[in-house]
Amino acid sequence: MKAHLSALTVSALAFLIVPFLFAACASGQNGEGKRGLPGWKTNVSRRSIELDELISGGPPKDGIPSIDKPQFISPEEASGWLAPQEPVVSLIVEGVARAYPLQILTWHEIVNDKIAGVPVTVTFCPLCYSAIAFDRRVGGRTLAFGVSGMLRHSDLVMYDRQTESLWQQLSGEAIVGDLTGTELVMLPAQLISFQQFAEAHPAGEVLSRRHEHTEQYQQRYGRNPYAG
């Protein structure tokens with residue numbers, strides 16, 4: 001009798017457990033791992049990392065808005081609000097020199113720009129203090145980047161608006177999504193003082209405070225939201 005009950009118990013447990021195991025395997029095959037990315041169209045079945053490595057930085061997707069319509073002014077004009085020792089990202093492409101002040105990048109983290117016909121994205125992670133510029137052309141198309149609101153190893157995780165693949169800022173590599181494994185071409189950029197830029201490139205251009213988010217952010221530039 002006991003043996004008969006044990007056999008029934010094992011059969012019942014198998015009946016209950018197998019569907020859950022099957023569902024777990026199916027979830028793994030779909031690449032969702034332990035969790036998906038709610039609200040994203042990212043193809044999580046393609047990735048080079050575990051999704052648990054991504055943590056929220058606080059703001060949601062595009063909660064920190066990238067600048068997609070940058071305007072530029074002369075160093076002389078910028079000197080009215082940019083102190084000589086303030087840091088800027090200096091980028092030179094095809095002889096055209098541009099400076100992207102950190103007092104602006106701190107609030108936007110990404111600027112999608114085009115210099116001498118070359119599509120570029122200038123990025124800055126306030127937590128890492130890493131300023132890196134990339135050529136944003138991939139496989140014959142030009143990508144536009146935004147701030148995902150996620151971090152990995154305390155570094156900015158970007159995303160492209162074409163495929164919503166996620167990219168590690170420090171390496172310029174896609175880590176989740178259709179473009180996983182693709183690496184952006186880094187461009188030689190320097191973090192220098194505004195004075196150094198102005199002296200080296202008197203005919204250069206400086207990112208203006210005027211852009212599509214000016215009204216919302218004008219009063220914030222020059223303040224550090226990460227103090228402490």
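How many bridges join β11 to β12, and do they run parallel or antiparallel? Three bridges join these strands, and they run antiparallel. The tour comes back to them below.

**Before starting**

The model is predicted: local features need pLDDT of at least 70, side-chain atom pairs count only at pLDDT 80 or more, and totals for chains, interfaces and linings use all residues. Residues are numbered from 1 along each chain as its sequence is written, and side-chain values use heavy atoms, with hydrogens and water left out.

**Whole protein**

Show the cartoon. The secondary structure comes to five helices and 16 strands; helices (H or I, at least four residues) and strands (E, at least two) are DSSP runs, numbered from the N terminus. Of the 228 residues, 45% are buried, where buried means under 20% relative accessible area, exposed over 50%, and partly exposed in between (1.4 Å probe, protein chains only). Switch to the surface: the protein exposes about 12,000 Å², and carbon and sulfur atoms supply 55% of this area, by the Shrake-Rupley method with a 1.4 Å probe, for which only the protein chains shown count as cover for residues. Contact means heavy atoms within 4.5 Å; among contacts between residues at least 6 apart in sequence, 59% join residues at least 24 apart.

**Stop 1: the five-stranded sheet**

Select β2, β16, β4, β3 and β15, which form an open sheet in that order, with mixed pairing. Two strands pair if DSSP finds at least two bridges between them. β2 (72-73) and β15 (189-193) stand at the edges with a single partner strand each, so one side of each has no neighbour in the sheet. Now narrow the selection to residues 87-93 and 96-101: these are β3 and β4, antiparallel and joined by six bridges. Valine 93 has valine 96 in β4 as its bridge partner.

**Stop 2: the nonpolar cores**

Select Leu91, Tyr100, Leu105, Val111 and Val122 and show side chains. These residues have the most contacts inside the largest nonpolar core, which has 20 residues. Such a core is a set of buried Ala, Val, Leu, Ile, Met, Phe, Trp, Tyr and Cys residues joined through side-chain atoms within 4.5 Å. β3, α3 (102-108), β5 and β6 (118-125) each supply at least two residues of the largest core. Centre on valine 122: leaving aside neighbours within four places in sequence, the residues in contact with valine 122 include Val89, Leu91, Tyr100, Ile132 and Ala133. Then select Phe134, Val147, Met158 and Leu184, which belong to a second, separate core of 15 residues.

**Stop 3: β10, β11 and β12**

Select β11 (155-160). Six of the six residues of β11 are buried, so this strand is largely enclosed by the rest of the structure. Add β10 (residues 145-152), which is antiparallel to β11 and joined to it by six bridges; methionine 150 has valine 157 as its bridge partner. The β10-β11 hairpin has two residues between its strands, and histidine 153 in the turn has a positive phi of about 55°. Add β12 (166-168), where glutamine 168 stands opposite valine 157. The β11-β12 hairpin has five residues between its strands; glutamate 164 in this turn has a positive phi of about 60°.

Next, pick leucine 179, in the loop between β13 (173-176) and β14 (185-187). Leucine 179 is buried, with a relative accessible area of 12%. Among its contacts beyond four places in sequence are Asp160, Thr163, Ser165 and Trp167. From leucine 179 to leucine 166 the C-alpha distance is 8.4 Å, with 13 residues of separation in sequence.

**Stop 4: salt bridges**

There are eight salt bridges, each a side-chain nitrogen of Lys or Arg within 4 Å of a carboxyl oxygen of Asp or Glu.

- Select arginine 161 and aspartate 68: their closest N and O atoms are 3.3 Å apart. Arginine 161 lies in the loop between β11 and β12, and aspartate 68 in the loop between β1 (55-56) and β2, so the pair ties together parts that are 93 residues apart in sequence. Add Asp62, which is linked with Asp68 and Arg161 in a network of salt bridges.
- Select aspartate 113 and arginine 98, with a salt bridge of 2.9 Å, N to O. Aspartate 113 is in β5 (residues 110-115) and arginine 98 in β4, 15 residues apart. Both residues are buried.
- Select glutamate 50 and arginine 47, whose closest N and O atoms are 4.0 Å apart. Glutamate 50 is partly exposed at 47%, and arginine 47 is partly exposed at 22%.
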